[in-house]
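Please open the structure in your viewer and keep the selection tool at hand. The tour below goes from one selection to the next and says what is to be found at each stop.

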Amino acid sequence: IFWQLALSHRPSITITITPTPTHLDFLTLFILFYTYTSEMMISLPTKVLTICPLLWAISINAFTSQPPTMRTVNRGVNQCCELTRCSASKDADMTDEEREARREVAMEKALKQMTAFSNKYIANTDTFYCEDKSIPAVVIKGLAEHKVTLGTPLCPCRFYEDKEKEAKDGYWNCPCVPMRERHECHCMLFLTEENDFAGDEKNISLEEVKDKAGGFSN
């Protein structure tokens, strides 16, 4: 509507807007709209009702070439790639002792995360740990190791020809699809009440995991 009004009122004016509009384009549009409508018989309320949506659209970046979600994803991917390059560069400059110390810190953090996750998932699904708590401890340690090496808690109780591919696929990432859909846990980490090996425990501490699972594998 604006372009029809502007060009009919000033047909000699030619304005070029880029295929991918920028904030400057729409700021120019706003100024031209206000200037032309000031010379025409358009009431103030009509101007306000027309200009406000335009200002709102500009404020939320509605006219950029990509939607906000895609910009966010791209930004996240770029940041992740940058962090990966940074991490690889740091690893190359580290001594073996420094690498091992860094790995231990990452393992400790992942072990805490997977222990907390397991306790919460047990509570949410009304399942139980095995009566022999060394079993959930070993499984939680395996999940933590995969979280560090693969970036995701891939089920540690199965054989994979390509762990990286399976981790990206997500089917066996804990909680795996069989567990989510049918409460079937191949690792015996989450057991239903009817399971013969289910105990009474719904909580396992970080200290128990460390004590019963032993050290981390290399």
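Begin by selecting lysine 133, which sits in the loop between H5 and H6; like everything else on this tour, the residue belongs to a predicted model. Is lysine 133 buried or exposed? Its relative accessibility is 11%, and because the limit for buried is under 20%, lysine 133 counts as buried. Now display its surroundings, leaving out the neighbours within four places in sequence, and you will find lysine 133 in contact with Glu201, Asn203, Ile204, Glu208 and Lys212. One of these partners, asparagine 203, is 70 residues away from lysine 133 in sequence, while the distance in space from C-alpha to C-alpha is 9.9 Å.

Next, select the two helices on either side of that loop, H5 with residues 96–125 and H6 with residues 134–150. Their axes come within 8 Å and cross at roughly 125°, which means that H5 is oblique to H6. The crossing of these two helices is right-handed. To see what makes the contact, colour Ala106, Met107, Ala110, Leu111, Gln113, Met114, Thr115 and Ser118 on H5, and then Ile140, Lys141, Leu143, Ala144, Glu145, Lys147 and Val148 on H6. Sorted by class, the residues of this contact comprise nine nonpolar, three polar and three charged ones.

Keep H6 in view and add helix H9, residues 206–213. At what angle do H6 and H9 cross? The angle is roughly 95°, with axes that come within 8 Å, and the two helices are therefore roughly perpendicular to each other. On the H6 side, look for Ser134, Ala137, Val138, Ile140 and Lys141, which meet Glu208, Val209, Lys212 and Ala213 of H9. This contact has five nonpolar residues, one polar residue and three charged residues.

Now bring H5 back beside H9, where the axes are 10 Å apart and the packing angle is about 115°; that makes H5 roughly perpendicular to H9. Here, too, you can check the hand of the crossing, which is right-handed. The residues to select are Glu108, Leu111, Lys112 and Thr115 in H5, which meet Leu206, Val209 and Lys210 in H9. By class, they divide into three nonpolar, one polar and three charged.

Return to H6 and select histidine 146, which is found in this helix. Histidine 146 is buried, with a relative accessible area of 9%. If residues up to four places away in sequence are not counted, histidine 146 touches Gly151, Thr152, Pro153, Leu154, Cys155, Pro156 and Lys163.

From that list, move on to proline 153, which lies in the loop between H6 and helix H7 (163–169). Proline 153 is also a buried residue, with a relative accessible area of 11%. Apart from residues up to four places away in sequence, proline 153 touches Met114, Leu143, His146, Lys147, Trp172, Asn173 and Cys174. You can also draw a line from proline 153 to cysteine 176, which is 23 residues from it along the chain, and find a C-alpha separation of 9.7 Å.

The next stops concern the backbone itself. Most residues other than glycine have a negative phi, and most peptide bonds are trans. Select cysteine 174 and proline 175, which are joined by a cis peptide bond with omega about -5°; proline 175 is found in the loop between H7 and helix H8 (177–182). Then go to histidine 183, in the loop between H8 and H9, where phi is near 60°, a positive value in a residue other than glycine. Histidine 183 counts as partly exposed, at 33% relative accessibility. In the loop between H8 and H9 you can also select methionine 188, whose phi is near 60° and likewise positive. With a relative accessible area of 25%, methionine 188 is partly exposed.

Finally, zoom out until the whole protein is in view. The protein has nine helices and zero strands. Of its 218 residues, 30% count as buried, and its accessible surface comes to about 14,300 Å², of which 57% belongs to carbon and sulfur atoms. Among the contacts between residues at least 6 apart in sequence, 63% join residues at least 24 apart.

Key
Residues numbered from 1 in each chain as written. Predicted model: local features only at pLDDT ≥ 70, side-chain atom pairs only at ≥ 80, totals over all residues. Heavy atoms only, no water. Axes fitted to C-alpha atoms, helices over the stretch in contact; angles between N-to-C directions. Helix = DSSP H or I, 4+ residues; strand = E, 2+ residues; numbered from the N terminus. Parallel < 35°, antiparallel > 145°, perpendicular 65-115°, else oblique. Left-handed = near helix turned anticlockwise from the far one by under 90°. Contact = heavy atoms within 4.5 Å. Nonpolar A, V, L, I, M, F, W, Y, C, P; charged D, E, K, R; others polar. Buried < 20%, exposed > 50% of the residue type's maximum accessible area, 1.4 Å probe, protein only. Areas by Shrake-Rupley, 256 points an atom, 1.4 Å probe, with all protein chains shown as cover.
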